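Please go through the model shown below with me. I would like short answers that end on the value or name asked for.

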Amino acid sequence: MVENKIEQRRNSLVWMENISKKFGTITALQGVNFGVKKGEVRALVGDNGAGKSTLIKVLMGVHKPTTGQIYFNGNPVSINSPKEAREIGIEAVYQDLALVNLMSISRNFFLGREMEKKVGPMGFLDIKAMDTICRKSLHEIGIEIRSAAERVGSLSGGERQSIAIGRGVYFGAKVLILDEPTSALSVAETRKVLSYIENARERQLAVIFITHNVHHVYMVADSYTIIRQGRCVGTYLKGELSEDDIADLITGDREE
Amino acid sequence: MGIIADKIAITRHRLSYFPEVVVLISFSLLFLFFSFFAPHFLTALSIGNILTFGSITGIIVIGVGILMISGEFDLSVGSNFALSSYVLALSINGGIPVIPAIFMAIIVSTFLGFVNGWIVTRTSIPSFIATLGTMLAYRGIVRAVGGGNFASYKGEDIPLFKILNGDFILLNSWFQVQAFRTSMIWFALLAVIFIIILMRTRFGNWVFAVGGLSAAARAQGVNVNYVKVMCFTITGFLVAIASVLQFSHRLSVDPLRGDGIEMIAVAASAIGGIRLTGGFGTITGAILGVFLLQMLDQGLVLMGIPIQVFQACIGLIIIISVISNTYLGRSS
């Protein structure tokens, strides 16, 4: 079984304690405890509408929790916007929303953090440097691209996910949140994306892998947190439960 | 067959990186057509007229084009144009010195552009509707203030106006015509500045991202509303510049001034390869679109074809251009 709350708070890189979130009269989350350690892939699994996205939006500073506290490196933090989340090193990769298809790979890679060359008081994009660094840093984590000027729209779904993950790694993310990263991918592409996730774990990143289908995450997850109807069903280490056990807990066919 | 199909696909893919391809081809074809069939088309007078009249619309199209790349429309540019001209005319006639009067016109129009952006981002209603509303509202103000009358400046010559939009003496004396005006210099300057801003600055990158997929831009920390409000404000500013330049030449304005310019601007942008849903296109393309329309207008007049045909031609060209642009764009 997993450690108790105080140990988890101390040992986790990011730890969300007793999180509740109400929207008007609707309770989306009720006393959820959730976290992830350095070099760990934590699966956050639950059916559609179980509260996975709400929980992550609380972590990303999109929603303010009604009650509860977030800890980063054991210290209480308050995250009020995705920008603040990113500043402390929490990076989210959303399925289909990660990249702008009509823009080039390197423009996407540096979106919001563009490199500039200063000419007097004016700053101009350093496109050459961005292209070079983009190519190089993707290469370093095993992602090969033909040209950094290529439009993202002409890439496959897996390549897009990889680039979004590579971007997070390059910009020094400590916590990488992946929202259904493999659910729209072919088997071969899934395998590739999973290998980048393993690569991120080897680099001691904390990875949160969100999915409604435990099959997608079973190969890489070190531990699972299952939520159902806004409540935490439980957190289990790899090997404690079979794939079927987890699937049953997600749907509520079996009670703990 | 397979090889040919592959070749077509590859070419299509390559061409899809250049939003101006379609407008460049149609511009060239139309130019050749008029050169052969429109009498006096290939003269300095005719070319000068196209450039001179296209410049005023062109300045507005820079703004509308950027705005469309960010995924928004501004239908109020025509009304705002008239309003700005009235502010300038009535201020000068009211005894305010020229430079402060120009500043007032610019500030008012820029502010009205900002108001458009503010309404759109605050209420999240589509800009098509929001600016349809402000189009009527701004026009209403113009008509209330202007009544049915022209506002004309009849005082002594203003030297500043000669610089802003006077004879382009160098070209006119070179070609022995009275067609080129200095407004085209300001237009060229503004075009270069805004092309650089769009293609080579962080802000420009955000404009494309916001128009391409605003949720992705937001997720990367781009302040989507700021970018949109800025694009509306830039449009208002450019509308003001265009109105000041036109007034410097004509010295008068009527309550219906600028009516329909919003449609020409959207048409030029669409012909020029800017996607109506945003995220893709260039200012260069939109500018080529403006000059294509101006050339069409001029060419048909020279051929003695009735003006109604002009509208029909615009309609046809828009549809063909957008179909072609979509064909190329889909290949990505």
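The turns below deal with chain B, its contact with chain A and the nonpolar core.

This is a predicted model: local features need pLDDT of at least 70, side-chain atom pairs count only at pLDDT 80 or more, and totals for chains, interfaces and linings use all residues. Residues are numbered from 1 along each chain as its sequence is written, and chains are lettered from A and ligands numbered from 1 in the order in which they are written.

Me: What is the radius of gyration of chain B?
Reply: The radius is taken over C-alpha atoms, and the globule rule is 2.2 Å times the number of residues to the power 0.38. With 332 residues, a compact globule would come near 20 Å, and chain B agrees, at 20 Å.

Me: Which helix gives the most to the side of chain B that touches chain A?
Reply: Residues are in contact if their C-beta atoms, placed from the backbone, lie within 7 Å; the contact takes 23 residues from chain A and 18 from chain B. Helices are DSSP runs of H or I with at least four residues, numbered from the N terminus. On the chain B side, α10 (202-212) and α11 (214-219) each supply at least two residues. The most, five residues, come from α10(B).

Me: Which helix of chain B gives the most to the largest nonpolar core?
Reply: Such a core is a set of buried Ala, Val, Leu, Ile, Met, Phe, Trp, Tyr and Cys residues joined through C-beta atoms within 7 Å, buried meaning 20 or more other C-beta atoms within 10 Å of the residue's own. The largest has 174 residues, and B:Ala209 is one of those touching the most other members. With 15 residues, the helix of chain B that gives the most is α12 (residues 224-250).

Definitions and conventions
Two residues are in contact if their C-beta atoms, placed from the backbone, lie within 7 Å. A residue is buried if 20 or more other C-beta atoms lie within 10 Å of its own, exposed if 12 or fewer, and partly exposed in between; C-beta atoms are placed from the backbone.
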